[in-house]
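Student: I have a new structure open and would like to learn how to read it. Could you walk me through a few features?
Tutor: Gladly; let's look at it together.

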Amino acid sequence: MSAPVLGSAERGAVAPEPARYAFGEFFTEHMVTAAWTREEGWHPAYLRPRGSLSMDPAMVGLHYGQAVFEGLKAYRQADGATGVFRAHDHAERFQRSARRLAMPELPTDTFLRAVDELVASDAGPLPDDPALSLYLRPLLYASEPLLALRPAHQYQFVMIAFLTGGFFADRPDPVSVWINRDQSRAAPGGTGDIKCAGNYAPGYLAQQRAASAGCQQVIWLDPVEHNHVEEMGGMNLFFVHGSGSRARIVTPPRTGTLLPGITRDSLFTLAARLGWRSGEERLSVDGWREACRSGAITEAFACGTAAGVTPIGTVHDGTTSWRIGDGGPGPVTLALRSALTDVQRGRAADPGGWIRRV
Ligand code: PLP
Ligand code: COI
């Protein structure tokens, strides 16, 4: 089955319905590819029509998971240009992920040129609709046919794109989360702090368990004690202490088992712009529940490229559950969400090289 591709019929369409653009389904017409071989290094990257890639059944990436990816977004700017959010930082994290899996690093210039070419050719159907963005998905995988256990000698880079209305649609509706008390997303010294393909499928079973408990997302705890909150399967977490001008936002520290998100990092800067303090702090599950009950924690939200800033309304932990604040989106969450989307869409000052205009 081939993926649906936004064809020319979609171009120029009057404002597409955001609800039509579920995450990761509506691909654009082109992709950028580049191969790497041990003998020759990187071959030139080029833009071509999106299509299938050939694959040997013994391909290393498929068998042993030598594959890393990124996720970044392009937004229609207030003046009609397209702006890509923190492309340089995504290029660097892509390199860090590749290094961890003993893969060749894609040079930053090649990454940025791929972004520019794909956006220039395929951002046409991206309307001036705050609910929509163009999600770029760079992927690097070991393409060598080989079943011996060693790093491959051939790799394939590919960057594809899809139009999306957001991971949780585009409304700030609070999500409910389910605490995973017995499984771990990542191990100390492992690969939790990079974006490798193998980090995601091990969370699917937990996602199903969360859904059967009536929740939308899984909260992963530290993998040693299963006691401190770390992140969600594809998003970081923030907690808001206090309110008004005395609000303070905190996120779990970089333990090595959570992904240092680029949105997470951006929110430190934006919180300061709004006059709020921010920092990294460990938080136990019991501490979270008690701080919600006492009113010390007033809000919580998830953040990431796909998720943007998404409020968390209720938490389920086995047989107990609790509400955060009044269960609705809180003012600090909403203000940070607006501050982020304003920068992403060129409606607020760029804090410094965050927007790459194409
Ligand atoms: N945590 C995980 C496990 C992720 O996959 C992502 C998404 O990339 C994030 C957090 C958020 O990171 P970013 O803000 O860079 O998208
Ligand atoms: C992202 O936010 O870009 C992610 O990669 C998370 C997930 C939806 C894969």
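Student: Which residues of helix 5 are buried?
Tutor: Before we start, keep in mind that this is a predicted model. A general idea helps with helices: an α-helix has 3.6 residues a turn, so residues three or four places apart point the same way. Here, the buried residues of helix 5 are I262, T263, R264, S266, L267, L270 and A271.

Student: What do the buried residues of helix 5 pack against?
Tutor: Their partners include helix 2 (87–100), strand 14 (236–241), strand 17 (297–304) and helix 7 (331–344). You can also check the length of helix 5: at 1.5 Å a residue, its 12 residues should span 16 Å, and its end C-alpha atoms are 17 Å apart, which agrees. After helix 5 comes G275, with a positive phi near 90 degrees.

Student: Which helix gives the most to the shell around ligand 1?
Tutor: That is helix 5 again, residues 262–273, with 3 residues. In total, 13 residues surround ligand 1, and the closest are G261, I262, T263, G304 and T305. By character, the shell splits into 3 nonpolar, 7 polar and 3 charged residues.

Student: Now the cores. How many residues does the largest nonpolar core have?
Tutor: The general idea first: in soluble globular proteins, nonpolar side chains tend to be buried together. In this model the largest nonpolar core has 48 residues, and L134, L136 and L140 have the most contacts inside it. Strand 9 (residues 154–164) supplies the largest share of this core, 7 residues. Another core lies apart from it, with 40 residues, among them W178, V240, L270 and V315.

Student: What does L134 touch, leaving aside its neighbours within four places in sequence?
Tutor: L134 is in contact with K73, A74, V119, A123, L126, A161 and L163. A74 also stands opposite L134 in strand 8. Strand 6 and strand 8 (residues 133–142) pair in the antiparallel sense over 3 bridges.

Student: Is strand 6 buried or exposed?
Tutor: Buried: 5 of the 5 residues of strand 6 (residues 72–76) are buried, so it is largely enclosed by the rest of the structure. L72, A74 and R76 lie on one side, K73 and Y75 on the other, and both faces are covered.

Student: Which residue is the bridge partner of Y75 in strand 7?
Tutor: G83 is that partner. Strand 6 and strand 7 (residues 82–85) run antiparallel, joined by 3 bridges. Their hairpin has 5 residues between the strands, and G80 takes a positive phi near 95 degrees there.

Conventions
Residues numbered from 1 in each chain as written. Chains lettered and ligands numbered in written order. Predicted model: local features only at pLDDT ≥ 70, side-chain atom pairs only at ≥ 80, totals over all residues. Core = buried A, V, L, I, M, F, W, Y, C linked by C-beta atoms within 7 Å. Buried ≥ 20, exposed ≤ 12 C-beta atoms within 10 Å, placed from the backbone. Helix = DSSP H or I, 4+ residues; strand = E, 2+ residues; numbered from the N terminus. Contact = placed C-beta atoms within 7 Å. Near = placed C-beta within 6 Å. Nonpolar A, V, L, I, M, F, W, Y, C, P; charged D, E, K, R; others polar. Expected span 1.5 Å × (residues − 1). Pairing = 2+ DSSP bridges.
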